[in-house]
Amino acid sequence: MGVLIIAEAGVNHNGDMKLAKRLIEEAKKAGADIVKFQTFVPEREVSKYAQKASYQKETTGEAGSQLEMIKKLQLSEENFIELKRYCEKLSIQFLSTPSDLESLEFLKELDMPFWKIPSNEITDLPYLIEIAKTNKPVILSTGMSTMEEIQQAVQVLNTNGSGEISLLHCTTEYPAPLEEVNLRAMNTLKEAFQCKVGYSDHTLGIHVPIAAAALGAVIIEKHFTLDSGMEGPDHRASLEPDQLKQMVEAIRKIEPALGDGIKRVTSSEAGNIIVARKSIVADKEIKKGETFTEENLTTKRPGNGISPMRWEEILGQKAKRDFQEDEMIEI
């Protein structure tokens with residue numbers, strides 16, 4: 001199985017169904033496996049006292065609360081039903097992350113193949129329990145989390161009947177600083193939890209998710225937008241359609257190169273062994289009965305004679321016949 005690529009549309013539709021459908025179209029064109037949205041009831045997700053994050057203030061302005069901001073980004077349940085149908089029409093998998101229990105109950109009806117839990121919900125016990133009780137597989141992002149918090153969340157999910165759990169390493173900042181990405185943490189998660197691991201990317205550009213795939217991520221999630229200059233909290237840290245396509249293409253090229261990890265001589269290189277390797281040959285004319293020494297022997301291509309790995313074995317032996325310069329030695 002190849003890398004599962006999730007094109008995260010998120011809230012980059014800005015509450016506009018036309019934009020949402022265009023995002024689905026662009027995800028399909030790019031070759032992504034899944035296009036993912038975020039489903040929420042603003043009043044159930046954010047209190048009226050919640051302030052914007054620093055990056056949200058930078059992208060949407062200082063004025064207004066977090067609640068006021070996300071109200072502008074909300075789509076209705078009817079909208080999501082329509083978007084799922086549109087995904088089916090275009091043959092791309094629909095997915096949406098619930099941000100509250102009310103949205104979770106609604107999304108159960110859309111029969112998605114698995115749940116994607118965002119990093120901010122990793123400490124939301126009631127939410128984790130309800131997700132687990134559906135018995136579906138879970139992909140859990142781990143941004144802002146300690147190993148202990150991840151362990152607790154995984155235990156809650158397992159105890160309450162969750163299906164297979166996969167973990168995504170993530171740095172929750174928009175955009176994420178390169179020096180804080182720490183891709184090697186994927187291996188830490190894989191070893192600690194003995195599960196599939198991937199990477200949810202918030203860096204600028206496509207280099208880091210490609211590197212994550214090369215390091216063994218089996219799931220890549222990446223935000224994308226129609227225009228990174230649009231108004232809204234997440235556009236600035238998102239790929240534009242042509243970049244998303246480049247990322248998908250690069251990962252698809254990497255997939256066959258990853259292999260199975262077993263070191264062996266491949267069929268394509270086997271034919272080069274004789275041409276590229278060396279044999280023991282006469283470095284000068286050698287007469288019958290002369291002793292083979294470091295002064296009259298050397299190693300040269302091709303490699304269909306005596307292997308240089310037998311060098312010490314050959315030294316000191318007597319020539320059984322005359323050898324011309326560059327002629328392969330026989331014993």
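# Close-up views of a two-domain predicted model

**View 1. Two domains, set apart.** The C-alpha centres of domain 1 and domain 2 lie 62 Å apart. The model is predicted. Domain 1 covers residues 4–258, and domain 2 covers 267–328. These bounds come from an automatic or database domain assignment.

**View 2. An open parallel sheet of 8 strands.** The strand order is β3-β2-β1-β8-β7-β6-β5-β4, and the pairing is parallel. β3 (93–98) and β4 (115–117) are the edge strands. Each of these two pairs on one side only. From one strand to the next, the twist averages 25°. Strands of a sheet pair through backbone hydrogen bonds, either parallel or antiparallel.

**View 3. The β1–β2 pair and helix α1.** Strand β1 spans residues 4–10, and strand β2 spans residues 34–39. The two run parallel and are joined by 4 bridges. Glycine 10 stands opposite phenylalanine 37 in β2. Helix α1 (residues 17–30) lies across both β1 and β2. The helix runs at about 155° to β2.

**View 4. Helix α7 across three strands.** Helix α7 is formed by residues 125–132. The helix lies across β3, β4 and β5 (138–141). Its angle to β4 is about 165°.

**View 5. Serine 166 in strand β6.** Strand β6 runs over residues 165–170 and holds serine 166. Is serine 166 buried or exposed? Serine 166 is buried, because its relative accessible area is 6%, and buried means under 20%. Beyond its neighbours within four places in sequence, serine 166 contacts Val138, Ile139 and Leu140. Lys196 and Ile219 are also in contact with serine 166.

**View 6. Phenylalanine 40 after strand β2.** Phenylalanine 40 sits in the loop between β2 and α2 (42–45). Its relative accessible area is 6%, so phenylalanine 40 counts as buried. Which residues does phenylalanine 40 touch, not counting residues up to four places away in sequence? They are Val11, Glu45, Ile70, Leu73, Gln74, Ser99, Asp100 and Ser103. Aspartate 100 is 60 residues from phenylalanine 40 in sequence. In space, their C-alpha atoms are 6.2 Å apart.

**View 7. The largest pocket.** This pocket holds about 780 Å³ of space. Its lining is made by 33 residues. Closest to the pocket centre are Gln38, Glu45, Tyr55, Asn120 and Tyr174. Four elements, β2, α3 (54–60), α4 (66–71) and β8 (219–223), each supply at least two residues of the lining. Which of the elements gives the most to the lining? α4 does, with 3 residues. Glu45 appears again here: this residue is among the closest to the pocket centre and is also touched by phenylalanine 40.

**View 8. The loop between β6 and α9.** Proline 175 is found in this loop, which leads to α9 (185–193). The peptide bond from tyrosine 174 to proline 175 is cis. Its omega is near -5°. Tyrosine 174 is also one of the residues closest to the centre of the largest pocket. Asparagine 182 lies in the loop between β6 and α9 as well. Its phi is near 55°, a positive value in a residue other than glycine. Asparagine 182 is partly exposed, because its relative accessible area is 49%, and exposed means over 50%.

**View 9. A second cis proline.** Proline 302 lies in the loop between β10 (297–300) and α14 (311–314). A cis peptide bond joins arginine 301 to proline 302. Omega is about 0° for this bond.

**View 10. The segment after α14.** Alanine 319 and aspartate 326 are both placed in this segment. Alanine 319 has 4% relative accessibility, so alanine 319 counts as buried. Leaving aside neighbours within four places in sequence, alanine 319 contacts Ile286, Lys287, Lys288, Gly289, Glu290 and Phe292. How are alanine 319 and isoleucine 331 placed along the chain and in space? They are 12 residues apart along the chain, and their C-alpha atoms are separated by 7.1 Å. Aspartate 326 has a phi near 80°, a positive value in a residue other than glycine. Aspartate 326 is partly exposed, with a relative accessible area of 43%.

Conventions: Residues numbered from 1 in each chain as written. Predicted model: local features only at pLDDT ≥ 70, side-chain atom pairs only at ≥ 80, totals over all residues. Heavy atoms only, no water. Pairing = 2+ DSSP bridges. Axes fitted to C-alpha atoms, helices over the stretch in contact; angles between N-to-C directions. Contact = heavy atoms within 4.5 Å. Buried < 20%, exposed > 50% of the residue type's maximum accessible area, 1.4 Å probe, protein only. 1 Å grid on protein atoms, 1.4 Å probe; cavity = no way out; pocket = protein on both sides within 12 Å on 5 of 7 lines; lining within 4 Å. Points joined across faces, edges and corners; volume = space filled by probe spheres on them.
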